[in-house]
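Trainee: Could we go through this chain together, one question at a time, with the reasoning spelled out?

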Amino acid sequence: MLRTITILGLSLAVLPALAAPIPVFDEPKALLEAIYGQIESYEAAYTNGTFDPDASFDDVESFATHLGALLQEADEKVHATGSEMGALDFSPFINGQDSGGQTYVIHDPKVKGDRAVTDVEILQSGDPLYTITFHMVDEGADRGWKIDEILLPNGDSEGTWPLSEYLADPLLP
């Protein structure tokens with residue numbers, strides 16, 4: 001299992017250089033279905049040795065222009081300290097590094113104009129683990145629906161924390 005996690009981590013680190021381009025999504029739910037479908041396929045692909053990074057898109061390409069810019073700035077801050085990992089040492093889509101045993105329930109989004117909000121329930125071995133909320137924006141015909149904010153569970157306490165808040169100052173302990 002540790003070897004699988006290590007391979008997954010190393011593979012995710014090279015995905016941006018090798019990844020297929022992200023498709024343009026006309027519907028917000030379709031974007032999340034593609035992301036979570038890809039995450040589900042990773043574990044099986046690593047297990048049977050068929051993982052092909054060229055066939056996968058980089059999940060962070062699903063970020064809206066604003067969130068993508070925050071990630072780039074955060075990466076620059078973290079790289080300036082000598083770290084090669086970057087600001088995101090976890091997947092905000094699973095709020096962790098290991099998706100083993102997880103399944104996902106993507107709820108229908110509430111859409112108002114070019115904005116949408118939806119939740120994804122993360123299940124571990126069929127039991128509810130936590131919920132991640134996505135704020136999405138339609139960035140037009142060339143980019144389609146993108147993720148403008150991710151509200152992640154706040155550990156063992158109630159509430160959520162926005163990914164943008166973390167990216168604004170990724171060096172805080």
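Trainee: In the hairpin of strand 5 and strand 6, which glycine takes a positive phi?

Mentor: Keep in mind from the start that this is a predicted model. Strand 5 and strand 6 (residues 160-162) pair in the antiparallel sense over 3 bridges, and their hairpin has 6 residues between the strands. The residue there with a positive phi, near 60°, is glycine 155.

Trainee: Which residue in strand 6 stands opposite leucine 151?

Mentor: The two strands to look at are strand 5 and strand 6, which pair in the antiparallel sense. If you find leucine 151 and look across to strand 6, the residue standing opposite is proline 162.

Trainee: What is the bridge partner of phenylalanine 134 in strand 5?

Mentor: Strand 5 also pairs with strand 4 (residues 127-138), in the antiparallel sense and over 6 bridges. These two strands form a hairpin with 6 residues between them, and glycine 140 in the turn has a positive phi of about 100°. Across this pairing, the partner of phenylalanine 134 is isoleucine 150.

Trainee: How many residues of strand 5 are buried?

Mentor: A residue counts as buried when its relative accessible area is under 20%. Strand 5, which covers residues 145-153, is mostly covered by this test, and the number of its buried residues is 9 of 9.

Trainee: Are the buried residues of helix 3 on the same side or on opposite sides of the helix?

Mentor: The buried residues of helix 3 are Leu67, Leu70, Leu71, Ala74 and Val78. Because they cover an arc of only 100° around the axis, they lie on the same side of helix 3. Thr65 and Ala80, by contrast, are exposed on the other side, while the cover over the buried residues includes strand 5 and helix 4 (163-168). The answer for the buried residues is therefore the same side.

Trainee: How far apart are the end C-alpha atoms of helix 3?

Mentor: Helix 3 (residues 65-80) has 16 residues, and at 1.5 Å a residue they should span 22 Å. The distance in the model agrees with that expectation, because the end C-alpha atoms are apart by 23 Å.

Trainee: Which helix gives the largest share of the largest nonpolar core?

Mentor: The largest nonpolar core has 38 residues, and those with the most contacts inside it are Tyr36, Phe134 and Ile147. Several elements each supply at least two residues of this core, including helix 3, strand 4 and strand 5. The largest share of the core, 8 residues, comes from helix 2.

Trainee: Which residues of strand 4 are among the contacts of isoleucine 147?

Mentor: Leaving aside neighbours within four places in sequence, isoleucine 147 is in contact with residues that include Leu31, Leu67 and Phe93. Strand 4 runs over residues 127-138, and the contacts of isoleucine 147 that carry numbers in that range are Phe134, His135 and Met136.

Trainee: Is serine 125 buried or exposed?

Mentor: The place of serine 125 is in the loop between strand 3 and strand 4, and its phi is positive, about 50°, although it is not a glycine. Asparagine 95, in the loop between helix 3 and strand 1, also has a positive phi, of about 55°, and is partly exposed. Since the relative accessible area of serine 125 is 62%, this residue is exposed.

Notes: Residues numbered from 1 in each chain as written. Predicted model: local features only at pLDDT ≥ 70, side-chain atom pairs only at ≥ 80, totals over all residues. Heavy atoms only, no water. Buried < 20%, exposed > 50% of the residue type's maximum accessible area, 1.4 Å probe, protein only. Helix = DSSP H or I, 4+ residues; strand = E, 2+ residues; numbered from the N terminus. Pairing = 2+ DSSP bridges. Expected span 1.5 Å × (residues − 1). Arc of directions from axis to C-beta. Contact = heavy atoms within 4.5 Å. Core = buried A, V, L, I, M, F, W, Y, C linked by side-chain atoms within 4.5 Å.
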